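Q: I'm new to this structure and would love a close look at a single part of it. Could you take me through one helix and its surroundings?

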Amino acid sequence: MGLETMSATLESAVSSPGLPWVFVRERSTRHDVVVSEIRQPLIRIRDVEMRYPSERGEDAARVLAGVNLDIHEGEFHVLLGPSGCGKSTLLNIIVGLARQTAGTVTMRGRVIRKPDRERGLVFQNADAAIFPWLSVLENVEFGLRMASVKKAERRAIALKYVDLVGLRGHEGKFPHELSGGMKQRTQIARLLANDSAVLVMDEPFGALDAHTRRIMQNELVRTWRETGKTVIFVTHDIQEALLLGQWIHIMSKTPDANIYKTYRAELAYPRTEANPHFIELLTRIQGHFDFGSGI
Ligand SMILES: Nc1ncnc2c1ncn2[C@@H]1O[C@H](COP(=O)(O)OP(=O)(O)OP(=O)(O)O)[C@@H](O)[C@H]1O
Ligand SMILES: [Mg+2]
């Protein structure tokens, strides 16, 4: 199939009216992603492999192998996969905190070599992310201070996001005085205050109670839709994936973890679990995780 025909096929499959979701592909390869090269992706992941060195110094098994993904500006991508399959590893590579052992990751055509303000990360473990010697407000302001935003302005921005994540009244507290969920909300407020173009979120709502979690999910969708930011979001929770994402990538198990299947969820926002299309897609994705399914 020629490049243009493939592109037309994919585009029409993705945009067919009336379809609640579209199964896009199995096991992405370099060949599959060629179709989207017509529209320049914001982030391009090509043939990424990751091996961590073993304790004895020799090469360990490959955690990731042959990961290919294109992320266009303004899209919301969710990565779903079993524990230990390399989701955090892939996010760390995308933000520039880890370096893949093979393959390339670019943003706007430039190789990602280190973290920068364009890509903000919410870490899976908030303790690793927030500074213990700074208060909630100072933590939220931190990136703005680094960017030399004037004090009054950065304080106003930080307070807005402290409010949004429900931490008003706690802004003077230090991390050792916070619960796990409060630390996580501090990280999320900092990410939003920093105004990065790409929000990279590693199970950001895992430590939150169900009520706060729902508020944060709604706020994230609202922020994403209002600002046109690009979101890359990791979760274990299929329902959460379906409440949030336009693209849902299912990863296989390590070693040699890869993007095993990709769905495009065509459900309108705000989404609810009661929607029959939601249930249909949920059941389908759930099937990939059932015993013996290969993931
Ligand atoms: N710094 C490291 N050094 C050595 N091995 C590592 C390192 N970080 C991760 N690994 C290994 O890489 C694999 C993938 O880990 P990763 O944290 O990326 O998984 P994950 O999908 O995010 O898991 P979870 O859902 O539990 O957070 C695991 O086998 C882990 O032991
Ligand atoms: Mg992880």
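A: Happy to. Let's start at one residue: just after helix H4, Ser 148 takes a positive phi of about 60 degrees. Most residues other than glycine have a negative phi, and most peptide bonds are trans. Keep that in mind, as we will come back to it. Please also remember that this is a predicted model.

Now step back into the helix itself. H4 covers residues 136-146, and its buried residues are Val 136, Leu 137, Asn 139, Val 140, Glu 141 and Leu 144. What covers them? The cover includes the helices H5 and H6, so let's visit each one, beginning with H6.

Two packed helices are described by the angle between their axes and the distance between the axes. For H4 and H6 (residues 180-194), the angle is about 30 degrees and the axes are 8 Å apart. An angle under 35 degrees counts as roughly parallel, and therefore H4 and H6 are roughly parallel to each other. Their crossing is right-handed. On the H4 side, the contact is made by Val 136, Asn 139, Val 140, Phe 142, Gly 143 and Leu 144, while H6 brings Thr 186, Ala 189, Arg 190, Ala 193 and Asn 194. Sorted by class, that contact has six nonpolar residues, four polar ones and one charged one.

H6 also packs with H5 (residues 151-164): their axes come within 9 Å and cross at roughly 135 degrees. That makes H5 oblique to H6. This crossing, too, is right-handed. Here Ile 157, Ala 158, Tyr 161, Val 162 and Leu 164 of H5 meet Ala 189, Leu 192 and Ala 193 of H6. By class, this contact has eight nonpolar residues, with no polar and no charged ones. Ala 189 and Ala 193 of H6 are worth finding on your screen, as they take part in the contact with H4 and also in the contact with H5.

Back to the backbone angles, as promised. Besides Ser 148, Asp 47 has a positive phi, of about 50 degrees, although it is not a glycine. Asp 47 lies in strand E2 (residues 43-53) and is partly exposed, with 15 other C-beta atoms within 10 Å. Arg 108 also has a positive phi, near 50 degrees. You will find Arg 108 in the loop between strand E5 (102-107) and strand E6 (110-111), where it is exposed, with 12 other C-beta atoms within 10 Å.

There are cis peptide bonds to look for as well. One joins Thr 254 and Pro 255, with omega at about 0 degrees, and Pro 255 lies in the loop between strands E10 (247-251) and E11 (259-265). Another joins Tyr 269 and Pro 270, with omega at about -10 degrees, and Pro 270 sits in the loop between E11 and helix H9 (276-289).

Thr 254 leads on to ligand 1, since it is among the residues that surround this ligand, along with others including Tyr 52, Lys 87 and Gln 124. Helix H3 (residues 87-95) gives the most to that shell, with three residues. The shell divides into three nonpolar, eight polar and one charged residue.

Finally, here is the wider setting: the chain comes to nine helices and eleven strands, and buried residues make up 37% of its 295 residues.

Notes: Residues numbered from 1 in each chain as written. Chains lettered and ligands numbered in written order. Predicted model: local features only at pLDDT ≥ 70, side-chain atom pairs only at ≥ 80, totals over all residues. Helix = DSSP H or I, 4+ residues; strand = E, 2+ residues; numbered from the N terminus. Buried ≥ 20, exposed ≤ 12 C-beta atoms within 10 Å, placed from the backbone. Axes fitted to C-alpha atoms, helices over the stretch in contact; angles between N-to-C directions. Parallel < 35°, antiparallel > 145°, perpendicular 65-115°, else oblique. Left-handed = near helix turned anticlockwise from the far one by under 90°. Contact = placed C-beta atoms within 7 Å. Nonpolar A, V, L, I, M, F, W, Y, C, P; charged D, E, K, R; others polar. Near = placed C-beta within 6 Å.
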